[in-house]
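Student: I would like to take a close look at a single part of this protein, with its surroundings explained step by step. Could you pick one strand and walk me through it?

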Amino acid sequence: MYKRLLLLLAAAAATTSLQLLPPAQLSPHNITTPGFSLGQVSTTIYITECLASHRDSSGLTLIPPSGLEFAQLFLDDLNEASGNQWTLEVVTTRPTNVTGIILDRLHGSTAPLVYEDGSPTEEGYVLEIRDNRAVIRGSGARGMWWGTRTLLQQLLLSNWSMLPASRITDAPAYATRGFMLDAGRKWYAPSFLKELCTYASFFKMSEFHYHTSDNYPLNRGHNETWNQVYSQFSLRPESGDLQGLVQRPNETLTRTDFRGLQQHCASRGITIIPEIEAPGHCLSITKWKPELALAKRDLLNLSHPDSIPTVMRIWEEFLPWFETREVHIGADEYDSTLANDYISFVNQLSTFINATSGKRVRIWGTIGNTGSRTQ
């Protein structure tokens with residue numbers, strides 16, 4: 001995989017500050033190679049106890065990885081990409097008399113490591129290369145992880161040879177650095193989804209918006225044959241009363257599948273943001289319960305007494321699956337003449353999800369023609 005990533009390295013996020021260190025600022029020790037040469041370093045990764053046990057308190061993943069868990073994955077990446085056999089060692093304090101790679105918390109001022117709005121972040125890091133040591137100090141566990149991505153990129157670009165002495169200070173501009181995949185109009189296997197997360201993490205993305213349900217448009221002359229139009233609900237419910245959502249069981253993710261995907265992404269610094277679309281793009285629901293549809297068959301009739309309870313029942317099923325503090329409820333491209341029904345639906349569903357799980361909601365943000373907005 002890493003050989004293919006060489007073709008994409010030009011797209012990597014720019015660092016906040018890159019400084020090549022002049023000879024006067026290098027260690028006074030009599031060293032042959034002032035930078036980092038793989039032929040002259042021990043193949044050991046050292047991680048301090050304070051970082052190994054640390055889990056970030058910010059971010060959207062409910063149980064974020066520890067520094068040690070990130071380091072173990074970095075070890076696997078390094079072994080795969082370099083072809084060498086590295087080892088990982090937990091140490092009490094940061095060693096100063098060794099070569100190799102050292103991972104630590106950033107102590108002291110973290111003033112340069114802020115988002116663009118000035119708020120502090122656990123995603124920043126300082127990477128210093130000198131004396132055949134690569135030292136990554138993260139403001140949090142994710143900051144250290146992003147530092148390992150930069151070091152890995154530099155090693156790949158150098159063809160695993162020599163890195164010059166340098167100091168990189170880096171923090172993302174924004175906490176949300178996301179991408180979306182529409183799994184409601186095409187099936188994607190779990191293996192592909194995991195590889196996509198691995199690629200995105202290499203370039204320091206932070207969120208994967210997984211659009212679980214949708215259908216092909218009906219506004220292209222298909223409303224008369226609506227029940228033949230492709231639709232997909234890509235999660236497989238476990239409860240018997242929701243099996244009508246599923247049209248192709250072999251094209252759905254089980255709870256175990258989805259848990260594995262979330263954990264794979266979280267271990268690489270990325271949170272899955274799941275979306276279940278309503279009250280538009282709902283052909284998966286209206287094929288199952290045609291009485292809930294408006295004349296445009298992929299829109300729910302929110303005035304029907306069973307429409308909102310059905311959507312809430314679906315969320316009740318899947319909320320325990322979602323290992324994130326925020327979920328997406330869709331809420332776009334609905335009939336603008338029914339704006340008040342739409343607004344009431346969004347507010348009711350938001351209240352229900354928060355009361356049921358403590359999670360916050362996101363929406364696409366349709367505004368009805370009444371000028372009213374959701375809460």
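Tutor: Happily! Let's start with the side chains of strand β11: E207, H209 and H211 point one way from the strand, F208 and Y210 point the other way, and all of them are buried. Please keep in mind as we go that this is a predicted model.

Both faces of the strand are covered, then, and the count tells the story: 5 of the 5 residues of β11 are buried, so the strand is largely enclosed by the rest of the structure.

What does the enclosing? Begin with the strands beside it. On one side, β10, residues 178-182, runs parallel to β11 and is joined to it by 5 bridges. Within this pairing, M180 has H209 as its bridge partner. To get from β10 to β11, the chain passes through helix α5, residues 190-202, and this β-α-β crossover is right-handed. Another partner is β14, residues 271-278, which also runs parallel to β11 and is joined to it by 5 bridges. Here H211 is matched with E275 as its bridge partner.

Now zoom in on one residue. H209 sits in β11, which covers residues 207-211. Is H209 buried or exposed? Its relative accessibility is 11%, and buried means under 20%, so H209 counts as buried. Setting aside neighbours within four places in sequence, the contacts of H209 are F179, M180, L181, I273, E275, H328 and W364. You can find M180 there again, the bridge partner we met in β10.

Next, look at the helices around this region. Helix α6 spans residues 255-266; its 12 residues reach 16 Å from the first C-alpha to the last, close to the 16 Å expected at 1.5 Å a residue. Its buried residues are F258, L261, Q262, H264, C265 and A266. These buried residues pack against β11 itself, and also against α3, α5 and β14. So that you can read such a list on the model, remember that an α-helix has 3.6 residues a turn, so residues three or four places apart point the same way.

Helix α9, residues 339-357, is another one to trace. It has 19 residues and reaches 27 Å between its first and last C-alpha, close to the 27 Å expected at 1.5 Å a residue. Which residues of α9 are buried? They are A339, Y342, I343, F345, V346, N347, L349, F352 and I353. They pack against β14, the strand we met as a partner of β11, as well as α8, β15 and β16. Just after α9 comes G358, with a positive phi of about 80°.

For a contrast in surroundings, visit A175, in the loop between β9 and β10. With 37% relative accessibility, A175 counts as partly exposed. In space, the C-alpha atoms of A175 and Y115 are 7.2 Å apart, although 60 residues separate the two in sequence. A175 touches Y115, E123 and S206, leaving out residues up to four places away in sequence.

Another strand can be read in the way we read β11. In β5, residues 100-105, 5 of the 6 residues are buried, so this strand too is largely enclosed by the rest of the structure. It pairs with β3, residues 44-48, in the parallel sense over 3 bridges, and I45 has I101 as its bridge partner there. It is also joined by 6 bridges to β7, residues 133-138, again running parallel, with D104 and R137 as bridge partners.

Finally, step back to the whole chain. It has 9 helices and 16 strands, and 54% of its 375 residues count as buried. Among contacts between residues at least 6 apart in sequence, 74% join residues at least 24 apart. The accessible surface comes to about 16500 Å², with 51% of it belonging to carbon and sulfur atoms.

How far can you trust the picture? The average pLDDT of the chain is 90, and 89% of the residues score at least 70. Over residues 368-375, though, the pLDDT is below 50, and this stretch has 18 contacts in the model beyond near neighbours in sequence. Residues 23-33 also stay under 50, with 14 contacts beyond four places in sequence. Where pLDDT is low, the predicted coordinates should not be read in detail.

Notes
Residues are numbered from 1 along each chain as its sequence is written. Side-chain values use heavy atoms; hydrogens and water are left out. Helices (H or I, at least four residues) and strands (E, at least two) are DSSP runs, numbered from the N terminus. Buried means under 20% relative accessible area, exposed over 50%, partly exposed in between (1.4 Å probe, protein chains only). Contact means heavy atoms within 4.5 Å. Accessible areas come from the Shrake-Rupley method with a 1.4 Å probe; for residues, only the protein chains shown count as cover. pLDDT is the predictor's confidence in each residue, from 0 to 100. Two strands pair if DSSP finds at least two bridges between them. A crossover is right-handed if, with the strands pointing away from the viewer, the path from the first strand over the helix to the second runs clockwise. The expected span of a helix is 1.5 Å times one less than its number of residues.
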